[in-house]
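Please walk me through how this chain is put together, going from a helix to the sheet it packs on and then to the nonpolar cores.

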Amino acid sequence: MSNHNHACCGPGYASPAAAIQAEREKLLYTIALYTGTGIEEPDYLATIDVDPNSPTYSQVIHRLPMPYIGDELHHFGWNACSSCHGDASKSRRFLVVPGQRSSRIYIIDVAEERSPKLHKVIEPEEIIQKTNLTAPHTVHCLADGHVMISMLGDSEGNAPGGFLLLNADFEIAGRWELSSGMNFNYDFWYQPRHNVMVSSEWGAPKTYYPGFDLDDVTNGNYGHHLHFWDWSQHKIIQSVDLGQEGLIPLEVRFHHDPDSTHGFVGAALSSNVWHWHKPNGQWQVEKVIDVPPVEIEGWAIPVPSLITDILVSMSDRHLYFSNWLHGDIRQYDISDPSHPKLTGQVWCGGLLGKGSEVQGRKLQGGPQMLQLSLDGKRLYVTNSLFSTWDNQFYPDLAKSGSYMLQIDCDTENGGLKINEDFYVDFGKEPAGPARAHEMRYPGGDCTSDIWI
């Protein structure tokens, strides 16, 4: 990669910055949930020791419970990332942690990295009053000091939602979009050198909150569009309908190289990966990976793999995604973005019966959220998707709790292997079995940092 503007507060590639980053990759934050498990306890932020030389390796070393019950903490992000490189006063000190069900937003101070503290709570009533938005999802910091959050619903839980802005003091600054045109909202990623933001679609909160209903697919209640926005004008300039082959496009990932126009999205229900780029002045989208559904006894339809999380390595060489229902994680070489090559696969539970054991424990559920070390060699995975969907497809998860695994990645020859020395058992948490979701490194990571 070349011509990156690196942040004072973001991961760097020169050796001094790499040394600092290696130190900050000894911890990992993850969301842990009691929402939907039957345990009347608040969701919390768990701090995990991922330093193999530590006596508390692969253990939860700190828990920060939220003040309320039933938030469904889901995705979270930083107040500052590599987009803030031009402002030496900015530091990656605060986590912005929304509740997907409660629409409450927590600001967490991680000045003490091993023991984060609650800094501020933004109540849903204030958010609704000022923006008419609910159901916060993706959090990205912006170069101007704002934090932007994709919101999936309005005050009644209807689509399409919009984008919420917080200022540097974590006060509501209004909505980002000047006009919409979306049917639904979900994830987003911006690339300022190309004056573009890409957003994807899940569904209305009132549709997916209760669980998955096949009739909602038939009735057009789930998304199948990618939206390309003019970043400076805050409006959609091109929408691409992925059709029935691109149902529920979820996580969107640009290359990290800010000069590149290449990016990928995983369509969960259709179980395929789409590639976009801008070769001739127009954004073009093409399907590049298909995961065929599998017939399973007792299921009304062939079971899709359900691609739920996807990420691109910091080198922009490898693509990883999880098949939550089938149970495997895949590694692809994307040196040629239009022709990904499968280079690694590992099984971590799932419905196909190919899941394995780690330290004598049978892996329950299926692999879901992913996070990758900056050198690309350690892939972390948790197995909770969304409380009602967990209960529907993997009912035993409420009793067993989540796992967190580490997958060793061969970045030279390709290949994935579960690290048998690492296993975080969320079934043994003090208040009872919890379910883990998204993960973040204190020093930044592959899915939160944007270079400008």
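**Helix, sheet and cores**

In helix α2, which spans residues 124-131, the buried residues are Pro124, Ile127 and Thr131. Viewed down the axis of α2, these buried residues fall within an arc of 65°, so they line one face of the helix. An α-helix has 3.6 residues a turn, so residues three or four places apart point the same way. The model is a predicted one. On the face of α2 turned away from the buried side are the exposed residues Glu125 and Gln129. After α2 comes Asn132, which has a positive phi, near 60°.

What do the buried residues of α2 pack against? Their partners are β6 (105-109), β7 (117-122), β8 (133-141), β9 (147-154), β10 and β11 (172-175).

Four of these strands belong to one sheet. It is an open sheet with the strand order β8-β9-β10-β11, and the pairing is antiparallel. β8 and β11 are the edge strands, each pairing on one side only. From one strand to the next, the twist averages 30°. Between β8 and β9, the antiparallel pairing runs over six bridges. Cys141 has Val147, in β9, as its bridge partner. α2 packs on this sheet, where it touches β8, β9, β10 and β11, and its direction makes about 45° with that of β11.

The nonpolar cores come next. In soluble globular proteins, nonpolar side chains tend to be buried together. Here the largest nonpolar core has 27 residues, of which Met148, Met197 and Trp276 touch the most other members. Two or more residues each are given to this core by β10 (162-166), β12 (188-191), β13 (196-199), β14 (225-230), β15 (235-241), β16 (249-254), β17 (263-267) and β18 (272-277). Leaving aside neighbours within four places in sequence, Met197 is in contact with Met148, Phe163, Trp176, Phe188, Trp189, Tyr190, His227, Phe228, Trp229 and Trp231. Apart from the largest core lies another, of 25 residues, including Leu152, Trp202, Tyr209 and Trp324.

A last stop is a loop residue. Is His224, in the loop between α4 (214-218) and β14, buried or exposed? Its relative accessible area is 18%, and buried means under 20%, so His224 counts as buried. Beyond neighbours within four places in sequence, His224 is in contact with Glu201, Val240, Asp241, Leu242, Gly243, Gly246, Leu247 and Pro249. His224 and Gln244 are 20 residues apart in sequence, while their C-alpha atoms are 7.3 Å apart in space.

How values were computed: Residues are numbered from 1 along each chain as its sequence is written. This is a predicted model: local features need pLDDT of at least 70, side-chain atom pairs count only at pLDDT 80 or more; totals for chains, interfaces and linings use all residues. Side-chain values use heavy atoms; hydrogens and water are left out. A nonpolar core is a set of buried Ala, Val, Leu, Ile, Met, Phe, Trp, Tyr and Cys residues joined through side-chain atoms within 4.5 Å. Buried means under 20% relative accessible area, exposed over 50%, partly exposed in between (1.4 Å probe, protein chains only). Helices (H or I, at least four residues) and strands (E, at least two) are DSSP runs, numbered from the N terminus. Contact means heavy atoms within 4.5 Å. The arc is that of the directions from the helix axis to the C-beta atoms. Two strands pair if DSSP finds at least two bridges between them. Axes are lines fitted to C-alpha atoms, for helices over the stretch in contact, and angles run from 0 to 180 degrees between N-to-C directions.
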